Amino acid sequence: MTWHSRTSRSNGASGTGGNSRTSGTGGTIRGLVWPALAVLAVALTGCAGPASSATPPPRATGSPGSPGVRAAAPDPRSSATPFAGASSVGVLINEDGDHFCTASVVDSPKGNVIATAAHCLQDAGGGPSFAPGDLEFAPGFSGKGKGTYPYGRWKVGAIHLDDRWTDDDEDSEAADYAFLTLAPDAKGRQVEKVVGGAVPDWSSRPERRVTVVGYPNAAHNPGNRPIACTTEARPDEEIPGTLVMECAGFWDGTSGGPWLADYRDAKHQGRLIGVLSGGDTDSESTSSLFDDHARELYEQAAG
């Protein structure tokens with residue numbers, strides 16, 4: 001079944017539970033909040049995977065290791081499994097309190113930047129779907145229904161999108177990423193201080209082993225638990241500047257999830273080289289490969 005198409009666009013940020021637009025192949029972007037039509041047995045139980053400690057120390061970095069015993073990198077998988085290895089990954093929440101799309105903290109000087117997919121925030125070439133103050137980020141989110149917020153919720157202060165996306169030009173597919181600037185929480189803390197964050201890589205080679213994390217929607221994930229898959233990424237021959245990986249279980253809702261190269265554990269998250277943006281099925285996912293365009297946008301968000 002086709003759940004997600006490279007030529008599709010959807011307003012996953014609407015929170016209406018099924019608002020989508022498609023053009024061409026009939027798939028949907030994985031940012032939608034779909035009602036729980038059925039509880040399907042995706043590979044979320046009974047499998048070994050890249051899970052580890054649920055609570056990393058503040059400001060986990062992308063350094064490949066440190067003195068002493070290092071955790072081994074996860075083995076490649078063909079299906080996603082439950083993930084508890086980085087509380088810096090979470091969900092976006094709209095003004096109605098509904099969660100949609102996945103996002104993650106990016107290491108930054110002020111500790112207040114997250115990354116997600118551009119299509120989670122607006123259609124390519126379309127107008128804004130949200131005012132920044134209507135959005136929040138909940139790292140470590142989980143639980144049925146409205147879920148729980150073990151690390152709190154951070155207000156989005158600014159949304160930064162690539163001009164190629166907002167103009168819907170011929171390179172827009174390679175610009176399906178966004179960086180959001182967050183306000184401090186009620187205690188005056190920046191999000192990275194609380195949950196850590198992955199170091200971005202603006203010049204990664206495309207052939208990398210990656211650990212990809214996301215939150216499938218409730219129809220496939222009633223407990224709202226994050227999943228992850230470690231597998232090999234390769235260049236997407238159809239869309240220059242993008243990557244593709246094959247791993248089952250990345251249903252709607254996983255859009256914006258981080259692609260982490262050289263991930264080992266919560267203390268060694270590796271390097272953020274992109275975010276999940278598309279794919280033709282739940283088993284094939286794509287990402288824009290972060291480059292100088294992405295770095296320029298990140299620097300705007302980091303301020």
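Helices (H or I, at least four residues) and strands (E, at least two) are DSSP runs, numbered from the N terminus. This is a predicted model, where local features need pLDDT of at least 70, side-chain atom pairs count only at pLDDT 80 or more, and totals for chains, interfaces and linings use all residues. Residues are numbered from 1 along each chain as its sequence is written, and side-chain values use heavy atoms, without hydrogens and water.

**Exercise 1.** State how many helices and strands the protein chain has, and what share of its residues is buried.

*Solution.* Begin with the secondary structure: three helices and 14 strands. Next, take burial (under 20% relative accessible area, 1.4 Å probe, protein chains only). Of 303 residues, 55% count as buried.

**Exercise 2.** Classify the ring pair F100 and F130, then place both residues.

*Solution.* Rings of Phe, Tyr and Trp (its six-membered ring) pair if their centres lie within 6.5 Å; planes under 30 degrees apart are stacked, over 60 edge-to-face, the rest tilted. The structure holds eleven aromatic pairs. In this one, the centres are 5.5 Å apart and the planes of F100 and F130 stand at 20 degrees, so the pair is stacked. F100 is in strand β3 (residues 99-106), while F130 is in the loop between β4 (113-116) and β5 (136-139), 30 residues apart. Both F100 and F130 are buried.

**Exercise 3.** Do the same for W202 and F290.

*Solution.* The centres are 5.5 Å apart, with 35 degrees between the planes of W202 and F290: a tilted pair. W202 lies in the loop between β8 (199-200) and β9 (208-214), and F290 in the loop between β14 (284-288) and α3 (292-302), so the pair ties together parts 88 residues apart in sequence. W202 and F290 are both buried. Finally, look wider: W202 and F290 join Y177, F179 and Y298 in one aromatic cluster.

Definitions and conventions
Buried means under 20% relative accessible area, exposed over 50%, partly exposed in between (1.4 Å probe, protein chains only).
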